[in-house]
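Please look over the sequence and the model together before reading on. The paragraphs below go from one residue to the sheet, then to the helices, and end with the chain as a whole.

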Amino acid sequence: MKIPETETFEGRTAIVTGGGQGIGGAVAKTLAERGASVVVNDLDGESARKKVEELRAAGADAIAVQGSVISAADVRRMVEEAIEQFGAVHILVNNAGILRPTPVIDIEEDEWDQVIAVNMKGTFLCCRAVLASMQAAGWGRIVNLSSTAGKNISTVGGAHYTAAKAGILGFTRHLAKEVAADGITVNAVCPGLIDTEMVRSTISDERLAAYTESFPIRRLGRPEEVAELVAFLASDRAAYITGAALDINGGDLMI
Ligand SMILES: NC(=O)c1ccc[n+]([C@@H]2O[C@H](COP(=O)([O-])OP(=O)(O)OC[C@H]3O[C@@H](n4cnc5c(N)ncnc54)[C@H](O)[C@@H]3O)[C@@H](O)[C@H]2O)c1
């Protein structure tokens with residue numbers, strides 16, 4: 001059997017949630033550069049539109065769809081717009097996520113619900129909405145953003161974030177088994193500390209420097225490095241990987 005050598009996404013449509021900035025922005029750019037038509041979703045419509053302008057300026061097919069991944073109606077509309085514009089959905093990257101650094105004793109119910117919902121329910125709703133299109137195509141790739149928090153504990157976020165990211169790993173395994181026979185793979189990536197707004201706006205430069213010093217590879221990860229792993233999992237070359245949770249953390253966690 002011949003393993004495909006290049007990751008060309010020509011003829012494939014990808015939805016990237018929370019794609020207006022950070023890791024999602026880098027994923028959208030990487031997939032678009034390799035030929036995918038990209039739907040950039042974000043709660044912040046302005047950031048999604050800016051990202052789409054950038055992708056189109058580089059010659060890609062892309063549309064922005066503002067919406068929240070925790071609204072079933074928004075998610076349905078996002079998938080409908082993707083299909084209307086590009087004909088099908090082949091790749092879904094569940095990247096939208098939020099983090100709060102609150103200790104358990106201080107977490108209000110609303111905050112708990114919100115962190116669990118955006119990370120976990122959003123992942124479920126988006127998967128549910130794209131499966132029919134992937135099944136019809138007989139090919140699909142779903143990549144879920146978990147975290148080292150999902151395997152260990154979060155250094156930056158609170159216990160709700162850790163619980164949600166661990167929940168994503170269980171959901172990933174279960175769905176992977178359900179849809180494996182349909183030609184759809186479902187995997188998770190578990191980044192360590194990546195240099196994005198989420199991290200920069202949550203902890204001080206001093207704490208960040210201290211964490212960085214503790215990593216075997218003494219720097220933060222870059223969004224583009226995570227995007228590279230996501231693109232691999234979204235490619236034909238990763239056809240035999242499903243239900244996995246791949247680490248990308250500079251050696252911070254080795255299990
Ligand atoms: N940065 C890290 O160190 C790190 C590490 C591990 C995992 N992650 C995960 O990677 C993903 C991306 O993180 P990031 O660092 O790029 O974060 P970020 O905060 O820079 O970007 C997240 C994006 O998601 C969008 N978003 C938030 N809520 C949304 C909703 N309800 N619907 C749609 N979009 C929404 C935001 O507007 C933002 O554009 C998240 O799931 C995060 O938990 C990040």
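Which residues does alanine 149 touch, not counting residues up to four places away in sequence? In this predicted model, alanine 149 is found in the loop between S5 and H5, and the residues it touches are Ser154, Gly157, Tyr161, Thr162 and Lys165. Alanine 149 counts as buried because it has 26 C-beta neighbours inside 10 Å, where 20 or more are needed for that label. One of the residues touched, threonine 162, lies 13 residues away along the chain, and the C-alpha atoms of the two are separated by 5.0 Å.

Tyr161, Thr162 and Lys165 also appear among the buried residues of H5, together with His160, Ala163, Ala164, Ile168, Thr172 and Leu175. Helix H5 itself covers residues 159-179, and its 21 residues reach 30 Å from the first C-alpha to the last, close to the 30 Å expected at 1.5 Å a residue. The cover over the buried residues of H5 includes H4 as well as strand S5 (140-145), strand S6 (184-191) and strand S7 (245-248).

Those three strands belong to the open sheet, in which seven strands are arranged in the order S3-S2-S1-S4-S5-S6-S7 with parallel pairing. Strand S3 (62-66) and S7 stand at the edges, and each has a single partner strand, so one side of each is left without a neighbour in the sheet. On average, and with direction ignored, neighbouring strands of this sheet are turned by 20 degrees against each other. Helix H8 (residues 223-233) packs on the sheet, where it touches S4, S5, S6 and S7, and the direction of H8 makes about 165 degrees with that of S6.

Beginning at the S3 edge, one finds that S3 is mostly covered, with four of its five residues buried. Strand S2 (residues 37-42) pairs with S3 in the parallel sense over five bridges, and glutamine 66 in S3 is the bridge partner of aspartate 42. How many of the six residues of S2 are buried? Six of the six are, so S2 is largely enclosed by the rest of the structure. In a regular strand the side chains alternate between the two faces of the sheet. In S2, Ser37, Val39 and Asn41 point one way while Val38, Val40 and Asp42 point the other way, and all of these are buried.

Next in the order comes S1 (residues 13-16), which runs parallel to S2 and is joined to it by four bridges; here isoleucine 15 stands opposite valine 39 in S2. Further across, strand S4 (residues 91-94) and S5 pair in the parallel sense over four bridges, and asparagine 94 stands opposite asparagine 144 in S5.

Another buried alanine, alanine 28, is found in helix H1 (residues 22-33). Alanine 28 is buried, since 34 other C-beta atoms lie within 10 Å. When residues up to four places away in sequence are not counted, alanine 28 touches Val16, Gly19, Val38, Val40, Lys51 and Leu55; of these, Val38 and Val40 point the same way from S2. Lysine 165, by contrast, is 137 residues away from alanine 28 along the chain, and their C-alpha atoms are separated by 21 Å.

Helix H4 (residues 109-137), which was met above as part of the cover over H5, has 29 residues and should span 42 Å at 1.5 Å a residue; its end C-alpha atoms are 41 Å apart, which agrees. There is nevertheless a kink of about 45 degrees in H4, centred on alanine 117. The residue that follows H4 is glycine 138, whose phi is positive, near 70 degrees.

Taken as a whole, the protein chain has eight helices and seven strands, and its C-alpha atoms fill a box of roughly 45 × 40 × 40 Å along the principal axes. A compact globule of 255 residues would have a radius of gyration near 18 Å, and the 17 Å of the protein chain agrees with this. Buried residues make up 47% of the 255 residues. Among contacts between residues at least 6 apart in sequence, 73% join residues at least 24 apart.

Key: Residues numbered from 1 in each chain as written. Predicted model: local features only at pLDDT ≥ 70, side-chain atom pairs only at ≥ 80, totals over all residues. Helix = DSSP H or I, 4+ residues; strand = E, 2+ residues; numbered from the N terminus. Expected span 1.5 Å × (residues − 1). Bend = angle between axes of the 7 residues up to and from the residue. Rg over C-alpha atoms; globule rule 2.2 N^0.38 Å. Buried ≥ 20, exposed ≤ 12 C-beta atoms within 10 Å, placed from the backbone. Contact = placed C-beta atoms within 7 Å. Pairing = 2+ DSSP bridges. Axes fitted to C-alpha atoms, helices over the stretch in contact; angles between N-to-C directions.
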